[in-house]
Amino acid sequence: FTYSMEGSGYYPTLKIDPYAYKRNQYYATTSFDSELPLPYFSWAEYDIHRPMLEFDDAIKGASFLANNCDSNNNREEWVSNLTKLMRVDSLSGC
């Protein structure tokens with residue numbers, strides 16, 4: 001199995017080969033094209049089964065988390081512009 005949470009845009013070796021199964025090579029990635037599509041979160045790391053927070057009690061804003069601070073799609077500029085409109089907490093060095 002090739003297992004990764006990264007994208008093939010940054011790691012070309014993760015590009016899914018549609019004939020890899022003939023060589024007993026399979027993919028577990030966040031791509032829906034992989035044999036085992038992975039959600040971009042872990043059930044073990046997040047307590048998503050607790051009771052829902054009431055909207056009025058919640059912080060109004062967004063969180064930004066990125067490992068690659070020089071993205072191909074320029075998401076950092078988009079997030080920078082978003083901070084002018086609402087609260088954005090950066091949970092990384094980007």
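The following questions and answers walk through some features of a predicted model.

Student: How many salt bridges does a search of the whole structure find?
Tutor: Since the model is predicted, the search works on predicted positions of the atoms. Side chains of opposite charge can pair when their charged atoms come close. For a salt bridge, a side-chain nitrogen of Lys or Arg has to lie within 4 Å of a carboxyl oxygen of Asp or Glu. Searched in this way, the whole structure gives a count of three.

Student: Which residue meets Asp17 in a salt bridge?
Tutor: Asp17 has a relative accessible area of 24%, and because the range between 20% and 50% counts as partly exposed, that is the class of Asp17. Its side chain takes part in a salt bridge with an N to O distance of 2.9 Å, and the partner is Arg23.

Student: How far apart are the closest N and O atoms in the salt bridge of Glu76 with Arg75?
Tutor: Arg75 is partly exposed, with a relative accessible area of 26%. The limit for a salt bridge is 4 Å between the nitrogen and the oxygen. Glu76 and Arg75 meet this limit, their closest N and O atoms being separated by 3.6 Å.

Student: Is Arg87, which forms a salt bridge with Asp89, buried or exposed, or partly exposed?
Tutor: The closest N and O atoms of Asp89 and Arg87 are 3.1 Å apart, and the two residues form a salt bridge. Asp89 has 30% relative accessibility and counts as partly exposed. For Arg87 the value is 42%, and because buried means under 20% and exposed means over 50%, Arg87 counts as partly exposed.

Student: Which residues form a nonpolar patch on the surface together with Ile48?
Tutor: Ile48 is found in the loop between strand 2 (27-28) and strand 3 (62-64). A residue needs over 30% relative accessible area to belong to a patch, and Ile48, at 44%, is partly exposed. The patch has about 280 Å² of accessible area together, and the partners of Ile48 in it are Phe41 and Tyr46.

Student: What is the distance in space between the C-alpha atoms of Ser90 and Ser63?
Tutor: Ser90 lies in strand 4, which covers residues 88-90, and with 38% relative accessibility it counts as partly exposed. Along the sequence, Ser90 and Ser63 are 27 residues apart, while in space the distance from C-alpha to C-alpha is 5.9 Å.

Student: How many of the residues that line the largest pocket are charged?
Tutor: The largest pocket holds about 480 Å³ of space. It is lined by 16 residues, and the closest to its centre are Met5, Glu6, Tyr40, Ala66 and Asn67. Sorted by class, the lining has nine nonpolar and four polar residues, and the number of charged ones is three.

Student: Where is Asn74, a residue other than glycine with a positive phi?
Tutor: The phi of Asn74 is near 60°, and Asn74 is partly exposed, with a relative accessible area of 39%. In terms of strands and helices, its place is the loop between strand 3 and helix 1 (75-82).

Student: What is the relative accessible area of Asn24?
Tutor: Asn24 also has a phi near 60°, a positive value in a residue other than glycine, and its place is in the loop between strand 1 and strand 2. Asn24 is classed as exposed, because a residue needs over 50% for that class and the relative accessible area of Asn24 is 60%.

Methods:
Residues numbered from 1 in each chain as written. Predicted model: local features only at pLDDT ≥ 70, side-chain atom pairs only at ≥ 80, totals over all residues. Heavy atoms only, no water. Patch = residues over 30% accessible without salt bridge, like charges linked within 9 Å, V, L, I, M, F, W, Y side chains within 5 Å. Areas by Shrake-Rupley, 256 points an atom, 1.4 Å probe, with all protein chains shown as cover. Helix = DSSP H or I, 4+ residues; strand = E, 2+ residues; numbered from the N terminus. Buried < 20%, exposed > 50% of the residue type's maximum accessible area, 1.4 Å probe, protein only. 1 Å grid on protein atoms, 1.4 Å probe; cavity = no way out; pocket = protein on both sides within 12 Å on 5 of 7 lines; lining within 4 Å. Points joined across faces, edges and corners; volume = space filled by probe spheres on them. Nonpolar A, V, L, I, M, F, W, Y, C, P; charged D, E, K, R; others polar.
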